[in-house]
Amino acid sequence: MVLIRRIMATKRPISSTNRAKKTKKQRKGSITPPPAPASSSESESESESESGSDSESSSPQPLQRKKERLHVASTPLSSARESSDNTEVEHPNTPIYVLLDQSRLETVKTRTGDFVLLNCDDHRDICRKNKLDPSDYRPDILHQELLALIDSPLNKSGNLRVYVKTTKNVLIEINPQIRIPRTFKRFSGLMVQLLHKMKIKANNESNVTLLKVVKNPFTIHLPPGIRVYGMSHLGEIYSPQSLANRLLQSERDGNGPVCLIIGAMAAGHITLEDHPYIQEMFSISNYQLSGAAAIGRIMSGMENFLGII
């Protein structure tokens, strides 16, 4: 009995760590069975899905959608180009003449000995010494009107001829290829140079005359059979499109080219006393507009009538 108790005391119970080691050894020693082969229907479905995915990845469906969208978006541009190409033939052979009348372009000598363009902002004291009204000297009005005319698509398409007449009866011819300075300071220097030298040429090799003083009267520079109209807020009111239809449709019917006389002064309007050859006076709005705003409306109506984009 004593021996049995000693033997039982020497035997220790198996701990949890020893059991975990035995299970790991059994797992390492055991061989996992191979997976069961898939059925024929499942393999066919997988092959079909793989072939379908390959076909979908090989066909560039997103690229086709982008091309279709680009094609749809390009149709209005192509139609616009076709319409513009068709309307280029309808442009009149004779350009539209515009006279900016009664502009204030006068030079004055400063204390430093430089000649500048007289304006109400910088030379109020000079105007008061000479008993002149400073509000009448607004050469910036001519600057704004020339920008509206020369930068218009009607002029860039070769259908516009611009002249300027000052209160001192100086007549200036503007080349359609000129680029009017954007700042008034540079524009003032350009006008002073023109009034002193009577002519301004381009600096490039072409040596084209951009501005020049021409002989009076203004009518000798107009083609025969031209119809002259004045723009004033006291004239008959037309919308821009109806005015273009009235003037340019009659030109297509063989009634002669068109000339518009627009004021470039700070106050007042064009009168028949200054231009007795004016046939009729027109207005472009129910309200009194600036010269640049009125020119913009007139140019847009004529460009729409002629199909100039």
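Q: Where does Pro217 sit in this fold?
A: Look between strands. In this predicted model, Pro217 is in the loop that links strand S7 (209-214) and strand S8 (227-237).

Q: And what is the peptide bond from Asn216 to Pro217, cis or trans?
A: Read omega for that. From Asn216 to Pro217 the bond is cis, with omega near 0 degrees.

Q: Next, phi. What sign does phi have at Gln102?
A: Check the sign together with the residue type. Gln102 is not a glycine, yet its phi is positive, about 60 degrees. As for its place, Gln102 belongs to strand S1 (residues 96-103).

Q: Where is Met198, and what is its phi?
A: Met198 falls in the loop between helix H8 (184-197) and strand S6 (199-201). Its phi is near 70 degrees, again a positive value in a residue other than glycine.

Q: Why do Gln102 and Met198 count as partly exposed?
A: Go by relative accessibility, where the partly exposed class lies between under 20% (buried) and over 50% (exposed). Gln102 is at 23%, so it lands in that class. Met198 is at 44%, so it counts as partly exposed too.

Q: Now His143: buried or exposed?
A: Use that scale again. His143 counts as buried because its relative accessibility is 6%. This residue is part of helix H6 (residues 139-150).

Q: What does the side chain of His143 reach?
A: Look for a polar partner: the His143 side chain reaches the backbone oxygen of Pro181 at 2.7 Å.

Q: Which residues is His143 in contact with, leaving aside neighbours within four places in sequence?
A: Those are Ile180, Pro181, Arg182, Thr183, Phe184 and Phe187.

Note on methods. Residues are numbered from 1 along each chain as its sequence is written. This is a predicted model: local features need pLDDT of at least 70, side-chain atom pairs count only at pLDDT 80 or more; totals for chains, interfaces and linings use all residues. Side-chain values use heavy atoms; hydrogens and water are left out. Helices (H or I, at least four residues) and strands (E, at least two) are DSSP runs, numbered from the N terminus. Buried means under 20% relative accessible area, exposed over 50%, partly exposed in between (1.4 Å probe, protein chains only). A polar contact is a pair of N or O atoms within 3.5 Å; within protein, one must be able to donate a hydrogen and the other to accept it, and residues adjacent in sequence count only if both atoms are side-chain atoms. Contact means heavy atoms within 4.5 Å.
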